[in-house]
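Hi everyone, thanks for making time. I'd like to walk you through a structure that's probably new to most of you, so let's get it up on the screen.

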Amino acid sequence: MTVARSLALFLLAALAEIGGAWLVWQGVREHRGWIWVGAGILALGAYGFVATLQPDAEFGRILAAYGGVFVAGSLAWGMALDGYRPDRFDVTGALICLAGVGVIMYAPRGD
């Protein structure tokens, strides 16, 4: 159950961080206004909180692993909301990052 909870938290964190960054981008780059920027800032703050809920207590490990989730999630977000079409190198890179997440977070440790 701990792995499932951890994965769910990574997905929630990805939605908050990528969504927050996207909202700021929309507010500034697409001239949608300060309400979008403010919503993005709130979402980015929520990301910081969600990361603290991970079962593992190591800050560096959580953030390093989340980097891989962020890479894959950003490509997925771009596909879903911006019509981005990743090429085979994007997909390969994202899969490598997700494999890294698995090793960093879920490899058996003797501690």
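Okay, let's begin with the largest pocket: α1 gives the largest share of its lining, six residues. Before we go on, keep in mind that this is a predicted model. So how big is the volume of that pocket? It comes out at about 220 Å³. Of the 13 residues that line the pocket, F10, L11, A14, V69 and G73 are the closest to its centre. If you ask which elements give two or more residues to the lining, the answer is α1, α3 and α4. In general, you find empty space like this by rolling a probe the size of a water molecule over the atoms.

Now over to α3, the helix that runs through residues 59-82. Which residues are buried there? There's a whole list: I62, A65, Y66, G68, V69, A72, G73, L75, W77 and G78. And what covers them? The cover includes α1 (2-29), α2 (34-51) and α4 (88-106). V69 and G73 are worth pointing at again, as they are buried in α3 and also among the residues closest to the centre of the pocket. Just after α3 comes G83, where phi is positive, about 75°.

Next, the loops. Take Q54, in the loop between α2 and α3. Buried or exposed? Q54 has a relative accessibility of 7%, so it counts as buried, given that the cut-off for buried is under 20%. As for its contacts, once we leave aside neighbours within four places in sequence, Q54 touches S6, L9, F10, I62 and M105. You've met two of those already: F10 from the pocket lining, and I62 from the buried list in α3.

Compare that with H31, which sits in the loop between α1 and α2. Here the relative accessible area is 71%, so H31 is exposed. Look at its backbone too: phi of H31 is near 55°, a positive value in a residue that isn't glycine.

Last stop, the surface. Which residues form a nonpolar patch there? V91, L95 and L98 do, and together they have about 260 Å² of accessible area. L98 belongs to helix α4. With 39% relative accessibility, L98 counts as partly exposed, because that class lies between the 20% and 50% cut-offs.

That's the tour. Happy to go back to any view you'd like.

How values were computed
Residues are numbered from 1 along each chain as its sequence is written. This is a predicted model: local features need pLDDT of at least 70, side-chain atom pairs count only at pLDDT 80 or more; totals for chains, interfaces and linings use all residues. Side-chain values use heavy atoms; hydrogens and water are left out. Buried means under 20% relative accessible area, exposed over 50%, partly exposed in between (1.4 Å probe, protein chains only). Helices (H or I, at least four residues) and strands (E, at least two) are DSSP runs, numbered from the N terminus. Contact means heavy atoms within 4.5 Å. Patches are made of residues with over 30% relative accessible area and no salt bridge: like charges are joined within 9 Å, nonpolar side chains (Val, Leu, Ile, Met, Phe, Trp, Tyr) within 5 Å. Accessible areas come from the Shrake-Rupley method with a 1.4 Å probe; for residues, only the protein chains shown count as cover. A salt bridge is a side-chain nitrogen of Lys or Arg within 4 Å of a carboxyl oxygen of Asp or Glu. On a 1 Å grid over the protein atoms alone, a cavity is a set of points where a 1.4 Å probe fits but cannot get out, and a pocket is an open set with protein on both sides within 12 Å along at least five of seven lines; lining residues have an atom within 4 Å of a point. Grid points are joined across faces, edges and corners, and a volume is the space filled by probe spheres set on the points.
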